[in-house]
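I opened the model at the bench today and kept short notes as I went. Here is what I looked up, in the order I looked it up.

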Amino acid sequence: MSAVEPSLIERIIRDDVRAMGAYHVADSHGLIKLDAMENPYQLPAPLREQLGKRLAEVALNRYPVPTSEALRARLKHVMDVPAGMEILLGNGSDEIISMLALAVARPGAKVMAPVPGFVMYAMSAQFTGLEFVGVPLRADFTLDRAAMLAAMAEHKPAVIYLAYPNNPTGTLFDEQDMEAIVRAAQGEVCHSLVVVDEAYQPFAQHSWMPRLPEFGNLLVMRTVSKLGLAGIRLGYLAGDPAWLAQIDKVRPPYNVNVLTEATALFVLEHVDVLDEQAAQLRAQRASVAAAMAAHPGVTVFPSAGNFLLVRVPDAARIFDRLLARKVLIKNVSKMHPLLANCLRVTVSTPEENAQFLEAFAASLQD
Ligand SMILES: *Cc1c(COP(=O)(O)O)cnc(C)c1O
């Protein structure tokens, strides 16, 4: 029996927090794990050995250098951050989203994003007392420019997130629609910071990074997670130093640990390996999409990420049948009405994709 009085918890913990469900991570033990957009490939064995030696040298007894100077310089170079722009590091881009929320959380301030979209935009807003405004995409998951502009005029959000491509839909929003939103947010319709979330950039091969210097209200956020380093937790925000200097003030000073920093520095010396893996996954994405779409009653949506959104006749049933065949994907059909009967599947190795496709075909049958 717990010695904790439930009434004391009620007295102390916020009502909205008590009412929440915990962030659910499915148990994937013994399953083919295609639910979280992880890169299925590990580093080649010789590189892992070298990395092990490198990590053995790390001074674990010391705090990280708070600004992670060396890693920031390396990232700016490898990721083609335009001259004059800076980057700020986060413990995953999830932490950057939290920092942005903290930095703008005035009473009454709002955060806006198209929906269905990435859940952390809404969650971080709730945690910091911001109002989240979700603007529905069109039924084909393209950006509804008119609806966005109208919502911007009505709500005057402090921050607008545009995931490029979007999760869970995989949609690469139209660049002109996005530009119209960025421009309208420069004062004509509202005054908002627009954060383009490029978590899937290695699979999209389109980026707003080169255009950063054109817009004084634009930031570009990326992560190494989907590229193959989800375990080290490293994200970054690129933009004008004037913005980043403010957001940096709410950053926990030692948020990027020394092992993450050393690992990232090492892997960035071998970024060609990750780029090659991303290229394989892009090729696999096309063949998995074609194979799924060949089944009657199945619609596969165009994706620029390392995952595919697919509509099936009965999502809950197919999800369960796949699980019975030891394949774990994500049932997103309850996330938003536009996602009715939709499943999201991560693209993996040719072997795992073949196993998935076989299980998928069988699951549609029974
Ligand atoms: C996965 C994901 C992130 C979070 O990435 P981390 O760096 O692992 O925290 C951010 N945005 C989108 C759209 C994502 O899908």
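**Notes from the model**

I began with Ile9, which sits in helix H1. I kept in mind that this is a predicted model. H1 spans residues 6-12. Is Ile9 buried, partly exposed or exposed? I found a relative accessible area of 37% for Ile9, and I call it partly exposed because that value lies between the 20% and 50% cut-offs.

Next I checked the company Ile9 keeps. Val4, Leu8, Ile9, Ile12, Ile13 and Val17 make up a nonpolar patch on the surface. Together these residues offer about 500 Å² of accessible area. Helix H1 is the main contributor to the patch, giving three residues.

**Annotated span**

I then turned to the record. UniProt, in an unreviewed entry, annotates residues 31-360 as "domain: Aminotransferase class I/classII large". In the model, that span is 41% helix and 17% strand. I also looked up its two ends: their C-alpha atoms are 14 Å apart.

**A loop residue**

Where is Val65? I found Val65 in the loop that links helix H3 (45-56) and helix H4 (69-78). Its relative accessibility is 51%, so Val65 counts as exposed, the cut-off being over 50%. I also took a distance from Val65 to Ala105: 28 Å between the C-alpha atoms, with the two positions 40 residues apart in sequence numbering.

**Strands E5 to E8**

I followed the pairing from one strand to the next. Strand E5 (residues 159-163) runs parallel to E6, and five bridges join them. Val159 has Leu193 as its bridge partner in E6.

Strand E6 (residues 193-197) is in turn parallel to E7, with four bridges between them. Here Val195 is partnered by Leu219 in E7.

From E7 the sense changes to antiparallel: E7 pairs with strand E8 (residues 235-239) over four bridges. Met221 stands opposite Leu237 of E8.

How many residues of E6 are buried? I counted five of the five, so the rest of the structure largely encloses this strand. Leu193, Val195 and Asp197 are buried on one side of E6, and Val194 and Val196 are buried on the other.

I asked the matching thing of strand E7 (residues 218-223), and six of its six residues are buried. One side of E7 carries Leu218, Val220 and Arg222, the other Leu219, Met221 and Thr223, and all of these are buried. I noted Asp197 in E6 and Arg222 in E7 as names to revisit.

**A four-strand sheet**

My next stop was an open sheet of four strands, in the order E9-E10-E13-E12, with antiparallel pairing. Its edge strands are E9 (299-300) and E12 (330-331), each pairing on one side only. As a reminder to myself, strands of a sheet pair through backbone hydrogen bonds. E9 is joined to strand E10 (residues 307-311) by two bridges in the antiparallel sense. Val300 has Val310 as its bridge partner in E10.

**Cysteines**

Last, I looked for disulfides. How many does the structure hold? It holds zero. I looked up two cysteines while I was there. Cys190 has a relative accessible area of 2%, so it is buried, the cut-off being under 20%. Cys342 comes out at 0%, so it is buried too.

Terms used. Residues are numbered from 1 along each chain as its sequence is written. This is a predicted model: local features need pLDDT of at least 70, side-chain atom pairs count only at pLDDT 80 or more; totals for chains, interfaces and linings use all residues. Side-chain values use heavy atoms; hydrogens and water are left out. A disulfide is a pair of cysteine sulfur atoms within 2.5 Å. Buried means under 20% relative accessible area, exposed over 50%, partly exposed in between (1.4 Å probe, protein chains only). Two strands pair if DSSP finds at least two bridges between them. Patches are made of residues with over 30% relative accessible area and no salt bridge: like charges are joined within 9 Å, nonpolar side chains (Val, Leu, Ile, Met, Phe, Trp, Tyr) within 5 Å. Accessible areas come from the Shrake-Rupley method with a 1.4 Å probe; for residues, only the protein chains shown count as cover. A salt bridge is a side-chain nitrogen of Lys or Arg within 4 Å of a carboxyl oxygen of Asp or Glu. UniProt positions are given in the numbering used here, feature names are shortened, and annotations may be inferred rather than shown by experiment.
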